[in-house]
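Reader: Hey, got a minute to walk me through this one? I'd like to start with the helices and then jump around a bit.

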Amino acid sequence: MTTSDDSSPRRYVVRTFGCQMNEHDSERIAGLLEADGLVAVDDEADADVVVLNTCCIRENADNRLYGTLGHLKTWKAARDGRQVVVAGCLAQKDRTIVRERAPHVDVVLGTHNVHRAAELVARAAVDGPVTEILEAAVIDDHAMFPSALPARRETDWAAWVTIQIGCDNNCAFCIVPAVRGEEISRPFDEITAEVESLVASGVSEVTLLGQNVNSYGRDLQRAARHAGDETARLRPLFADLLVAVGSVPGLRRVRFTSPHPKDMRPETFEAMASTEAVCEHLHYPLQAGSDRVLALMHRGYSAQRYLERLAEARAAIADLAVSTDIIVGFPGETDADFAQTLEVAAAAEYDYAYTFVFSPRPGTEAADMVEHFVDPAVVSERYDRLRVVIERSSAQRNLARVGRVEEVIIEGPSRKDPKRLTGRTRQNKLVHFAASTPLRAGSYALVEVTGAAAHHLEGELREVIADARHRTRIAVSAG
Ligand code: SF4
């Protein structure tokens, strides 16, 4: 066993297994550790602290976690003072089980106390292992919103902003309500203030984050009424927030994820259409196209209503791109149910879709529907058929953009061909193009679309329209 050099700062790595909310939490955990004097490194071999930010939405999350923890046992034993931290949804759900299965874990913290990450790491270094799981967010504690905490963002020009935590729905396949608790909206002014400060630091694109963003404000109005404020009109609506955020001077793009189809309101479409900064992209999760399956899932809408709302959105917002999530093989899904999913997917003409094979998440209603699980071979065949339908509309919709000049934000060199650049259009489409001079990530350019495939566009640079405004981060040597 070796010991670390006491004179150098402690070093950390955060590994994220999960959704955007988890990635955002990871940025905040990193920010808190840095505020406490730790320094980021890429490789566990160089680290003193490894944080695993877990998710139980993804398949086999627990196998992945405990597999990784097995490797970290050897890692921890190799040097004095090393610490293993488990955070996130799976920690919230499994609690004491984490330490029972992996006694070498130093800190277990849940989804409601991310803001205590650095403090718990410091405490465990002195007092030994600590598990701290809160049952619910502390409502008056603004630090419960990840965005209210210091952050080490993955990109300097784009940022996630949490507007709401938790979820009041009960989709049969989803563990989020159990691990993230009830829906709590972040105060309106706090959100706009954060966006203003992000823009002042050079951010030009924000993504508003929540489990069900378009029910934003429901609890704020309830609370105001409860406090006797009869004039509490009208809760601030998500539409109001879009307008307010989109009006922050200097902000070029606003995105949001995810809205719930049952709570989609015309006001949101109007706000999207009338607020220039709000991008022409709607992520609109279908999950299934059969009303019977939608009812089993407790989704709260029918396929027809879903498509009607989608038509309203497209009528209100010019050049709207639409993406979705679809689960194939929900327990009890018949051939006829699946045929309806194919029909709705074809009618919706998605720009792209995240398609998932159903896999049971322990603790959810659907996980108990074992006798109705669909034969994996049948699910696999259905999945392939759905992909054909999705890719057909993706390719067609991308092809329809050939010849147009698109505004793109430059994300950096293309992964496949570093001599080319990759950018993202307002419709959230990737564009690969050549540039004779290096362009800084975060800059905006006009690119003519010259080719299209199902998953990306090809283009030619026309002109740079705005330089990146953020300061370049200088790498800190870990010593
Ligand atoms: S709306 Fe449904 S799928 Fe989305 S987080 Fe809430 S329970 Fe989960």
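**Helix 2 and beyond**

Author: Sure, and keep in mind that this is a predicted model. Helix 2 (residues 61–77) has 17 residues, so at 1.5 Å a residue it should span 24 Å, and its end C-alpha atoms are indeed 24 Å apart.

Reader: OK, and where is the kink in helix 2 centred?

Author: On His71, with a bend of about 25 degrees.

Reader: Which residues of helix 2 are buried?

Author: Ala61, Leu65, Leu69 and Leu72. Those buried residues pack against strand 3 (49–54), strand 4 (83–88) and helix 3 (89–94).

Reader: Switching to the ligand. Which residues are around it?

Author: Cys167, Asn169, Asn170, Cys171, Cys174, Val176, Pro177, Gln211, Asn212 and His260 make up the surroundings.

Reader: And how does that shell split by class?

Author: There are 5 nonpolar and 5 polar residues around the ligand, with no charged ones.

Reader: Good to know before I think about charges. How is the chain divided into domains?

Author: Domain 1 covers 11–132, domain 2 covers 155–279, domain 3 is made of 286–297 + 314–400, and domain 4 runs over 405–466. The contact between domain 3 and domain 4 takes 7 residues from domain 3 and 8 residues from domain 4.

Reader: Which element gives the largest share of the domain 3 side there?

Author: Helix 14 (residues 376–399), with 5 residues. By class, the side of domain 3 that touches domain 4 has 3 nonpolar, 2 polar and 2 charged residues.

Reader: How many Å separate the centres of domain 3 and domain 4?

Author: 30 Å, taken over C-alpha atoms.

Reader: Now for backbone oddities. Which residues does the cis peptide bond join?

Author: Thr257 and Ser258, with omega at about -10 degrees. Ser258 sits in the loop between strand 11 (253–257) and helix 10 (266–274).

Reader: While we're at helix 10, what does Glu267 touch?

Author: Glu267 lies in helix 10 and is in contact with Leu237 and Ala239, leaving aside neighbours within four places in sequence. Glu267 counts as partly exposed because 15 other C-beta atoms lie within 10 Å.

Reader: Back to the backbone. What is phi for Gln287?

Author: Positive, about 70 degrees, although Gln287 is not a glycine. Gln287 is in the loop between strand 12 (281–283) and helix 11 (291–297).

Reader: Is Gln287 buried or exposed?

Author: Buried, because 21 other C-beta atoms lie within 10 Å of Gln287, and the cut-off for buried is 20 or more.

Reader: And what about phi of Asp319?

Author: Asp319 also isn't a glycine, and its phi is positive, near 60 degrees. Its loop runs between helix 12 (303–316) and strand 13 (321–328). Asp319 counts as exposed because it has 11 C-beta neighbours inside 10 Å.

Reader: Last one: where is Gly363?

Author: In the loop between strand 14 (352–357) and helix 14. Not counting residues up to four places away in sequence, Gly363 touches Lys93, Ile175 and Ala178.

Reader: Why does Gly363 count as partly exposed?

Author: Because Gly363 has 14 C-beta neighbours inside 10 Å.

Methods
Residues numbered from 1 in each chain as written. Predicted model: local features only at pLDDT ≥ 70, side-chain atom pairs only at ≥ 80, totals over all residues. Near = placed C-beta within 6 Å. Nonpolar A, V, L, I, M, F, W, Y, C, P; charged D, E, K, R; others polar. Domains from an automatic or database assignment. Contact = placed C-beta atoms within 7 Å. Helix = DSSP H or I, 4+ residues; strand = E, 2+ residues; numbered from the N terminus. Expected span 1.5 Å × (residues − 1). Bend = angle between axes of the 7 residues up to and from the residue. Buried ≥ 20, exposed ≤ 12 C-beta atoms within 10 Å, placed from the backbone.
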